Amino acid sequence: MFQLNALANAWPVEWYDEIDSTSALAGRRAADGVHAPVWFAAKAQTAGRGRLGRKWISETGNLYTTALIPIDGLSPAVAGVSLSIGLAVRDMVIELSQGRLIPGLKWPNDVRIDGAKLSGILLESGRSSQTKQFWLSIGIGINLAFAPDIPDYATVSLAKVLPDLSVPPETALVVLDGCLRGRLTQFSKFGMSSVIDDWMKATDQIGLICRSKLGDQTIQGEFHGLDEHGQMCLNTSTGEVVTITAGDVELVKER
Ligand code: BTN
């Protein structure tokens with residue numbers, strides 16, 4: 001999916017004091033064609049976008065960034081990229097906190113501390129009509145300084161759990177760049193099974209009852225792991241194992 005040599009060196013960063021959304025900017029840039037990976041990052045966003053059409057509160061202090069990457073084509077391998085990004089953000093937190101914080105992962109790629117959401121990840125993709133080049137944009141918001149109120153979710157920030165750790169967004173992005181390129185290299189070289197193995201060691205969903213909502217459809221069951229494509233499997237009350245490919249996952253209660 002990626003050129004391995006594009007993952008070898010740090011990706012350049014375009015920093016903005018304020019922008020509508022780094023992911024919206026990535027989409028605009030992608031229309032002109034993408035030749036090499038680039039980060040867009042902003043101190044604040046005026047129209048931050050979350051998953052499923054939600055707003056992402058984007059005041060100064062946290063990290064708001066989007067990596068725009070040329071890819072070979074749109075493929076189901078995006079599920080592996082999605083898991084790799086969650087692992088990369090978790091790696092970043094472990095590195096920044098020098099091992100004092102070990103976050104858990106919630107499918108597909110929420111990074112959590114004691115069940116509260118520390119970051120959000122928004123994947124978008126497309127193809128430039130001008131250059132015919134396929135692209136992937138990886139939008140990442142990380143609560144460094146403050147935890148915004150999000151309906152239905154507990155949120156947390158690095159500063160709240162480790163008050164002695166003050167991480168400027170620029171520092172966080174340098175570490176994140178290395179962690180993300182590392183995890184995408186792992187995925188490219190060793191494939192989905194290697195990423196799934198690491199993801200399963202890092203998830204905090206084991207033994208939990210999950211509810212997945214997509215549109216009008218709600219499926220509830222005990223977390224049963226991931227299938228070989230990286231999709232989440234739930235063991236429902238009828239004994240049926242159901243595969244969840246998309247949607248919002250809520251952790252209902254401990255078993
Ligand atoms: C989520 O809903 O969990 C995903 C949130 C993704 C937010 C990031 S912040 C940087 C990038 N720009 C955006 O407008 N959104 C993503």
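## Around the ligand

Four elements each give at least two residues to the shell around the ligand: helix H1 (22-31), strand S3 (63-71), strand S7 (119-127) and strand S8 (134-142). The model is predicted. In this model, 19 residues surround the ligand. The closest are Ser21, Gln45, Arg49, Arg51 and Lys117.

What kinds of residues make up the shell around the ligand? Eleven are polar, five are nonpolar and three are charged.

## Polar contacts and cover

Two side chains approach nitrogen atoms of the ligand. An N or O atom in the side chain of Thr22 is 3.1 Å from a ligand nitrogen. For the side chain of Ser23, the distance from an N or O atom to a ligand nitrogen is 3.4 Å. Arg51 uses its backbone: an N or O atom there lies 2.7 Å from an oxygen atom of the ligand.

On its own, the ligand has 410 Å² of accessible area, and the protein covers 98% of that.

## A three-stranded sheet

Strands of a sheet pair through backbone hydrogen bonds, in a parallel or an antiparallel way. Here, three strands form an open sheet. Their order is S4-S5-S6, and the pairing is antiparallel. Strand S4 (104-106) and strand S6 (116-117) are the edges. Each has a single partner strand, so one side of each lacks a neighbour in the sheet.

How many bridges join S4 to strand S5? There are three, and S5 covers residues 110-113. The two strands run antiparallel. One residue pair can be named: Gly104 has Arg112 in S5 as its bridge partner.

Definitions and conventions: Residues are numbered from 1 along each chain as its sequence is written. This is a predicted model: local features need pLDDT of at least 70, side-chain atom pairs count only at pLDDT 80 or more; totals for chains, interfaces and linings use all residues. Side-chain values use heavy atoms; hydrogens and water are left out. A residue is near a molecule or strand if one of its heavy atoms lies within 4 Å of it. A polar contact is a pair of N or O atoms within 3.5 Å; within protein, one must be able to donate a hydrogen and the other to accept it, and residues adjacent in sequence count only if both atoms are side-chain atoms. Accessible areas come from the Shrake-Rupley method with a 1.4 Å probe; for residues, only the protein chains shown count as cover. Ala, Val, Leu, Ile, Met, Phe, Trp, Tyr, Cys and Pro count as nonpolar, Asp, Glu, Lys and Arg as charged, and the others, Gly among them, as polar. Two strands pair if DSSP finds at least two bridges between them.
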